[in-house]
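Trainee: I have a structure to look at, and I'd like to know how its descriptions are justified. Could you take me through them?

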Amino acid sequence: MTRMLTVGAAQLGPIQKEHTREEVVQRLLTLLAQGAERGCDIVVFPELALTTFFPRWFVEDISEADHYYERSMPNEATQPLFDEAKRLGIGFCLGYALLDDDGHRWNVQTLVERDGTIVATYRKCHIPGHQEHQPDRPFQHAERYYFEPSDEGFGVWKAFGGNVGMMICNDRRWPESYRVMGLQSVEMILCGYNTPIHYVPDPSQDILQGFHNSLVLQSGAYQNGTWVVGVAKGGVEEGVIGLGQSCIIAPSGQIVAQALTTDDELIVANCDLDWCARYKDTLFDFDLYRRPELYGRITEQRGAVQPEGPQYG
Ligand code: CDT
């Protein structure tokens, strides 16, 4: 018996400032309908899929940005998505900004099963960019102003007939994100992202954005024997060019589907979750081969230290 899961990566083109939640949800519903036609069990939407990527602007009074955050999920604007997905029997994963009842601001993804049950809401752990206004930049990446980093870490949930984990955008650049999920037997990781092509601190990386995206997603999949679904919000959003290149990666590290555009586009793959065992039970048999007693620095230390001892040469 193989455990097949048909997954759709529902890439979004840009969402401009003036686009309403209702307009965006209509786009999500169109992609969901395409997912139904193509036999999807789950459709994965990107990070901050309901609004423009608002951390590109700084506001002195953060409450001026409150309208970009959801206060509950589902809510009036997203209920049609929840209803239609349940009617179609398709699960989904949706990224959005959450302002909770205690006033905390999170960058989250909610995973919803095919019967409409909310499986989990994951809160982004690695928050990139800067906290303070940097007026000399062509655009801000003030995620550290708008979002708290989660202390909950990387969970894995029994859903969709397998073990499903989540991460959000910058999390995908850190091998620890995948490994913590690998250690919970993850079989599919869902990851939405908004990645500007222009990296202000070091523009030499701009031309490598696509390469780095593939590099981290493929490595994380292979080294942990898991499917990885990377889903972009791309295109030119409020003048900022965002990476597309949404992709579905096999446990072998191979790309099995990749978006061709930077617009709304659904890519689909039939994923055999049992394929994961070929890697988890052989080359990456963690129980047999890992050496956790040698990896203490990974959890004991944050920044790098210099090696001890004399300077040679
Ligand atoms: N959304 C997000 O996390 N974006 C970052 C941009 C680079 S840091 C300014 C990313 O890792 O893709």
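Mentor: Gladly! Let's start where Gly-225 takes a positive phi of about 55°, just after helix 5. This is a predicted model, where local features need pLDDT of at least 70, side-chain atom pairs count only at pLDDT 80 or more, and totals for chains, interfaces and linings use all residues. Residues are numbered from 1 along each chain as its sequence is written, and side-chain values use heavy atoms, without hydrogens and water.

Trainee: What makes residues 209–224 a helix whose span agrees with expectation?

Mentor: A helix is a DSSP run of H or I with at least four residues, numbered from the N terminus, while a strand is a run of E with at least two. Helix 5 has 16 residues. The expected span is 1.5 Å times one less than the number of residues, so 22 Å here, and the end C-alpha atoms are 23 Å apart, which agrees.

Trainee: Which residues of helix 5 are called buried?

Mentor: Among them are Gln-209, Asn-213, Val-216, Leu-217 and Ala-221. Buried means under 20% relative accessible area, exposed over 50%, and partly exposed in between (1.4 Å probe, protein chains only). Across the protein, buried residues make up 54% of the 313 residues.

Trainee: Why is the protein, with its 8 helices and 14 strands, called as compact as a globular protein of its length?

Mentor: The radius of gyration, taken over C-alpha atoms, is set against a globule rule of 2.2 Å times the number of residues to the power 0.38. The protein has 19 Å, close to the 20 Å from the rule for 313 residues, so the description fits.
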